[in-house]
Amino acid sequence: MRNQGNSRIYLPQKSRPDSVFTRIEPNTKFLDGHDVEGVHLLTDFEQVRELQVRLGRFSKGPEDFFPVNWPVSLTTENIDKLKSSPYVVAPKPSGTRFLFYVDSDGGMFLENMTQHIFRVDEVHAVKMVSSDGRPVTDTLLDGVLCKEKLNHDDNCNGGEENPKKLTFVIRDAIRCNGLDLTTRNIVKRIDFVKEKIIKPREGSAQNEVFTLDIVEYLEANEATKSYLDPKFEESYKYPIRSFVFFPLKNYSCYTDYDVLQWAENDDQQCSFRLMIPKGIQEPKEAELFMFGRSCAEIKWDETIPLTDEIRNLDGCIVDCRYVDQRWMFVKQRFDRNIPNGKRALEGKLHALKHPVSRNLLLETLENYAPF
């Protein structure tokens, strides 16, 4: 289906993203296009679908899409939300997002944004024992896998990542030890996991595939002043992508317009499917496709320069940054199988037109609603 008048071109059925997971891509890698020792892709389709459905139900969200809470960008048009009700804030480390699930038998699984599921080998299992000595099971955590900065304690590395130390940083919790946490606010969810999982750990086991850490959500007014101090970013263990402001309300799956994400001078990266035009001799531009409301991928009005770097990425999901009124290639995304949706893309462009400065953020929080 084509509509040249508004530049929307619907891809053929075979190229449309599946609204229901239909097959396992056997070459899917665990992290940034690479395998990690101790983690293996699940290839039993029935088991994968059973886990996808289970995690969707735990999250009270979709069973055929990555079931997590998605924030929106903080702009001058929604910043007054920070004055309307109490908010907390925490840094968001830069890394790859996963749902980390421990089943009732202690089996450990990670679901990525393409809904592929990986299993952690028993030999490399993460140490999770509660204070009474019992193993932590029936747990679902939302977080990012990232690496600590080298020598972060002495601040002499300039933010370079540690190539060896992999950490799952817990940013939210949906379930812990069989208890549904979705009826609690973000602070209570995090505090519960901290008491049940983090405090009893007493360091990491030798063969763990990754260690565990957890963010701390603090009252937005005072915490934001501290977080924006350059010394904080220098001393923080992980590279920081942004800061996320949460209201004190129950867990919500899908896009949550009350959860606000802010980064100073945010370049608003967006994920597209890159397509090289067919039937054109020596094309100079590549086309960008987004996910439309009709479950089809829709061509975006703009193109990007077809460089040697992206010539072999035809059909792949890529991140682009909006620079000087056009999108520029940043990197290939191995953890996505569909591009950002139209609403998300328009929201990012809207945020670029209505950015929130550091001063405006601090001034707004001076009138912050008290707890």
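I'll walk through one sheet, one helix pair and one buried glutamate in this predicted model.

Start with the sheet. Five strands form an open sheet, in the order 4-15-14-5-13, and the pairing is mixed. Which strands are at the edges? Strand 4, residues 69-73, and strand 13, residues 218-219; each has a pairing partner on one side only.

Now look at strands 14 and 15. Strand 14 covers residues 240-247, and strand 15 covers 254-262. The two run antiparallel, joined by three bridges. Take Val244 as an example: its bridge partner in strand 15 is Gln261.

Something packs on this sheet. That is helix 4, residues 220-227. Helix 4 touches strand 5 (87-93), strand 13 and strand 14. Its direction makes about 30° with that of strand 5.

Helix 4 has a helical partner too. Helix 7, residues 358-366, has an axis that comes within 9 Å of the helix 4 axis. The two cross at roughly 155°. That angle is over 145, so helix 4 and helix 7 count as roughly antiparallel. The crossing is left-handed. Who makes the contact? From helix 4, Ala220, Asn221, Thr224 and Lys225. From helix 7, Leu361, Leu362, Leu365 and Glu366.

Last stop, Glu297. This residue sits in strand 18, residues 297-305. Is Glu297 buried or exposed? Its relative accessibility is 0%, so Glu297 counts as buried. What does its side chain contact? The side chain of Arg273, through a polar contact at 2.7 Å. One more pair to look at: Glu297 and Lys342 are 45 residues apart in sequence, with their C-alpha atoms 9.4 Å apart in space.

How values were computed. Residues are numbered from 1 along each chain as its sequence is written. This is a predicted model: local features need pLDDT of at least 70, side-chain atom pairs count only at pLDDT 80 or more; totals for chains, interfaces and linings use all residues. Side-chain values use heavy atoms; hydrogens and water are left out. Helices (H or I, at least four residues) and strands (E, at least two) are DSSP runs, numbered from the N terminus. Buried means under 20% relative accessible area, exposed over 50%, partly exposed in between (1.4 Å probe, protein chains only). A polar contact is a pair of N or O atoms within 3.5 Å; within protein, one must be able to donate a hydrogen and the other to accept it, and residues adjacent in sequence count only if both atoms are side-chain atoms. Two strands pair if DSSP finds at least two bridges between them. Contact means heavy atoms within 4.5 Å. Axes are lines fitted to C-alpha atoms, for helices over the stretch in contact, and angles run from 0 to 180 degrees between N-to-C directions. Angles under 35 degrees count as roughly parallel, over 145 as roughly antiparallel, 65 to 115 as roughly perpendicular and the rest as oblique. A crossing is left-handed if the near helix is turned anticlockwise from the far one by less than a right angle, and right-handed if clockwise.
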